[in-house]
Amino acid sequence: KTTMDHTRQLKQLIYSCPELMLRLQYLRDIHTHAYLSAGVIRNLVWSILHHQSYGFDQIEIDVIFYDLNDQQGLKEQRLTELLKQKFPNNEWDVVNQAYVHLWYKTDDGCSISQYQSLFDALSVWVETATAIAVRLLENDDIEIIAPFGLNDLFELKLRWNKRLVSYPVFLARIQAKQFLTRWEKLLVVDD
């Protein structure tokens with residue numbers, strides 16, 4: 001399948017998931033340039049491709065945005081509060097990617113450079129299939145940021161992105177998150 005097919009497919013899956021749409025609509029209302037990202041998208045797609053139901057209760061949801069004017073983290077705090085009030089059954093992890101470099105350290109304790117954009121931030125995430133963010137636009141279209149495309153997500157491939165973390169950290173994440181137990185068709189690819 002082409003990237004366009006997968007883009008269409010992802011949009012369809014999102015549109016047909018009322019729980020996800022509710023959260024995207026609310027996020028658009030409170031911060032038009034914030035995105036749902038990572039596990040909530042990846043796990044939804046993998047569950048559907050495994051013919052499993054995917055519930056939104058008690059899951060962690062990652063929200064990202066990029067704002068150079070919020071070094072104090074006030075928008076992060078406000079967004080987290082609003083999302084917790086509206087959807088108390090979710091654990092909300094809201095991160096302004098413009099200032100991750102101030103607190104993030106690599107495996108060997110080194111600092112990282114400041115990200116230049118959300119695309120830049122996503123391009124260092126551990127697995128290619130996790131490096132995806134979506135938001136609902138004013139016209140109800142869905143914008144997708146996916147530096148590695150969507151092929152690995154839809155082809156059920158767990159691929160290590162070597163830009164930030166070591167291979168052992170990638171493998172430890174696979175174990176900790178029980179990817180291969182939850183979705184048995186997943187394949188760890190090393191190319």
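## A walk through the model

Start by selecting Y167: with a relative accessibility of 27%, Y167 counts as partly exposed. Here buried means under 20% relative accessible area, exposed means over 50%, and partly exposed is in between, using a 1.4 Å probe and protein chains only. Before moving on, note that this is a predicted model, where local features need pLDDT of at least 70, side-chain atom pairs count only at pLDDT 80 or more, and totals for chains, interfaces and linings use all residues. Residues are numbered from 1 along each chain as its sequence is written, and side-chain values use heavy atoms, with hydrogens and water left out.

**Aromatic rings**

Stay with the rings for a moment: the structure holds 9 aromatic pairs. Select W103 and Y104, whose ring centres are 6.3 Å apart with planes at 65°, so this pair is edge-to-face. Rings of Phe, Tyr and Trp (its six-membered ring) pair if their centres lie within 6.5 Å; planes under 30 degrees apart count as stacked, over 60 as edge-to-face, and the rest as tilted. W103 is exposed at 53% relative accessible area, while Y104 is partly exposed at 22%. Next, add W160 to your Y167 selection: these two also make an edge-to-face pair, 5.2 Å centre to centre with 70° between the planes. W160 is partly exposed at 29% relative accessibility. Then pick Y26, F87 and W92, which form one aromatic cluster.

**The sheet**

Switch to cartoon and find the strands. Helices (H or I, at least four residues) and strands (E, at least two) are DSSP runs, numbered from the N terminus. You should see 5 strands in an open sheet, ordered 3-2-1-4-5, with mixed pairing. On the edges, pairing on one side only, sit strand 3 (91–96) and strand 5 (142–145). Two strands pair if DSSP finds at least two bridges between them. Ignoring direction, neighbouring strands are turned by 30° against each other on average.

Now select helix 3 (residues 39–49), which packs on the sheet and touches strand 1 (35–37), strand 2 (60–65) and strand 4. The direction of helix 3 makes about 55° with that of strand 1. Such angles run from 0 to 180 degrees between N-to-C directions, with axes as lines fitted to C-alpha atoms, for helices over the stretch in contact.

**Strand 4 and its partners**

Zoom in on strand 4 (residues 133–136), which pairs with strand 5 in the antiparallel sense over 4 bridges. Look across at strand 5: A133 stands opposite I145, and R135 faces E143. Strands 4 and 5 make a hairpin with 5 residues between them, and D140 in the turn has a positive phi of about 70°. On the other side, strand 1 pairs with strand 4 in the antiparallel sense over 2 bridges, with S37 and A133 as bridge partners.

Show side chains on strand 4. Which way do they point? A133 and R135 go one way, V134 and L136 the other, and all are buried. In a regular strand the side chains alternate between the two faces of the sheet.

**Helix 4**

Select helix 4 (residues 74–86), lying across strands 2 and 3 and running at about 160° to strand 3. Helix 4 has 13 residues and spans 18 Å from its first C-alpha to its last, close to the 18 Å expected at 1.5 Å a residue. That expected span is 1.5 Å times one less than the number of residues. Highlight L79, T80, L82 and L83, which are buried in helix 4. Their cover includes helix 2 (18–30), strand 2 and strand 3.

**Inside the core**

How many residues does the largest nonpolar core have? It has 61, and L10, L20, L36, V40, W46 and V134 have the most contacts inside it. A nonpolar core is a set of buried Ala, Val, Leu, Ile, Met, Phe, Trp, Tyr and Cys residues joined through side-chain atoms within 4.5 Å.

Pick R23 in helix 2, buried at 5% relative accessible area. Beyond its neighbours within four places in sequence, R23 is in contact (heavy atoms within 4.5 Å) with L36, F56, I61, F87, N90 and W92.

Finish at L118, in helix 5 (residues 118–122) and buried at 9%. L118 and Y66 are 52 residues apart in sequence but 6.2 Å apart in space, C-alpha to C-alpha. Leaving out residues up to four places away in sequence, L118 touches Y35, I64, F65, Y66, Q97 and I145.
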